[in-house]
Amino acid sequence: MPDATGAADVLTIGTATAADWAVVREWAADEGWNPGERDITAFFAQDPEGFFLGRIDGEPVSAVSVVNYGTDYAFLGFYLVRPRWRGTGLGLATWKAGIAHAGSRTIGLDGVPDRQGDYRRSGFELAYRSARFVGVPRLPGADGTVRPATAADTAALHRYDSGCMPADRPRFLGAWLAEPGHHTVVREQGGVLTGFGTVRPARDSLRVGPLFADSAEAAGQLLAGLGEFAAGRPLAIDVPLTNAAAVELAESAGLTPSFDTARMYTGPVRAHRQDRVFGATSLELG
């Protein structure tokens, strides 16, 4: 509902540009979400029409992204309202514009637990919880099975990623792996890819994601390789709490939990190897 100024009556909602979204990224950073500094290119590569900004008299006041992956799946993130305008109905109006973009697709999101009731009333159901683990990792050096990714790994990386996700995302992943500042390592045994991980710069720490691997051993070697690249800087990784081996790895590396999120869906998603997910790619795009 509008506030005393009638502000909600003059809200306009439209699709955002990548330049617009640089502002929203700062909002998210101010909320403590620590988004990657250069994530925008990959986000917009996947679905440039999936980013919505609410404005009042030209001033950005609300945002949401609902990025479509193929015909069956979408992911919602960046649901934000500037503090001055909260409680006025602007967020709900912006939310509805984003939801409409998904059409009949199942929508996923990662939300803080205290909003879970609101999301359930909007048709989302809890799938599992995650926790962000942060700190300077304490791990031995990676062994000879871990190396930086190269262009020759592209096809194998896309196949591996698709097996770990509810949808294929070649446009997103291609941009993610190529973005300057993003560093990806792979683990290979007998010529077969057994996992990969990416680390990227963010405001408060380096962010790890994805961290996908066949086993805890493989994930540990990949995390060690990313830790070597981090060179003593803190890392943050979003770990599904349903993967006990992933939690154990984060704890054994000396990382500590900072906040929880809830993965929720509006419907079924395709089968994928959740046991290989040791760290989510991002809370904003799944």
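**View 1. Strand β10 and its partners.** In strand β13, Gly 279 is the bridge partner of Leu 211. Helices and strands here are DSSP runs, numbered from the N terminus (helices: H or I, at least four residues; strands: E, at least two). This is a predicted model, in which local features need pLDDT of at least 70 and side-chain atom pairs count only at pLDDT 80 or more, while totals for chains, interfaces and linings use all residues. Residues are numbered from 1 along each chain as its sequence is written, and side-chain values use heavy atoms, with hydrogens and water left out.

β13 covers residues 277-279 and pairs with β10 in the antiparallel sense over two bridges. Two strands count as paired if DSSP finds at least two bridges between them. Strand β9 (residues 192-200) also pairs with β10 in the antiparallel sense, over five bridges. Here Gly 197 stands opposite Leu 211 of β10. Five residues make the hairpin connection from β9 to β10.

**View 2. From β10 to β11.** Strand β11 (residues 235-240) runs parallel to β10, and three bridges join them. Arg 207 stands opposite Ala 236 of β11. Between the two strands, the chain passes through helix α7 (residues 216-230), in a right-handed β-α-β crossover. Right-handed means that, with the strands pointing away from the viewer, the path from the first strand over the helix to the second runs clockwise.

How many of the eight residues of β10 are buried? Eight of the eight residues in β10 (residues 206-213) are buried, so this strand is largely enclosed by the rest of the structure. Buried means under 20% relative accessible area, exposed means over 50%, and partly exposed lies in between (1.4 Å probe, protein chains only).

**View 3. A cis peptide bond in β10.** Gly 209 and Pro 210 are joined by a cis peptide bond, with omega about 0 degrees. Pro 210 is part of strand β10. Most peptide bonds are trans.

**View 4. Strand β3 and its two hairpins.** Strand β3 (residues 59-69) is mostly covered, with nine of its eleven residues buried. Six bridges pair β3 with strand β2 (residues 51-56) in the antiparallel sense. Ile 56 stands opposite Glu 59 of β3. Two residues lie between β2 and β3 in their hairpin.

Strand β4 (residues 73-81) also runs antiparallel to β3, joined by seven bridges. In β4, Phe 75 stands opposite Val 67. The β3-β4 hairpin has three residues between its strands, and Gly 70 in the turn has a positive phi of about 65 degrees.

**View 5. Positive phi outside glycine.** Most residues other than glycine have a negative phi. Asp 57 is not a glycine, yet its phi is positive, at about 50 degrees. Asp 57 lies in the loop between β2 and β3. Is Asp 57 buried or exposed? With a relative accessible area of 74%, Asp 57 is exposed.

Asn 34 also has a positive phi, near 55 degrees. Asn 34 sits in the loop between α1 and α2 (40-46). At 4% relative accessibility, Asn 34 is buried.

**View 6. Aromatic rings.** The whole structure holds 15 aromatic pairs. The rings of Tyr 69 and Tyr 73 have centres 6.1 Å apart and planes at 25 degrees, so they are stacked. Rings of Phe, Tyr and Trp (its six-membered ring) pair if their centres lie within 6.5 Å; planes under 30 degrees apart are stacked, over 60 edge-to-face, and the rest tilted. Tyr 69 and Tyr 73 are both buried.

Which residues do ring pairs link into a cluster? They are Trp 21, Phe 43, Phe 44, Phe 51, Phe 78, Phe 172 and Trp 176.

**View 7. A charge over a ring.** Arg 233 lies over the face of Phe 229, at 6.0 Å from the ring centre. A charge sits over a ring if NZ of Lys or CZ of Arg is within 6 Å of the ring centre and within 35 degrees of the ring normal.

**View 8. Confidence along the chain.** The protein chain averages a pLDDT of 92, and 97% of the residues score at least 70. pLDDT is the predictor's confidence in each residue, from 0 to 100. Over residues 1-8, the pLDDT is below 50. Beyond near neighbours in sequence, this stretch has 15 contacts in the model, a contact being heavy atoms within 4.5 Å. Among the elements of the chain, helix α1 (residues 18-30) has the lowest mean pLDDT, 90, and β13 the highest, 98.
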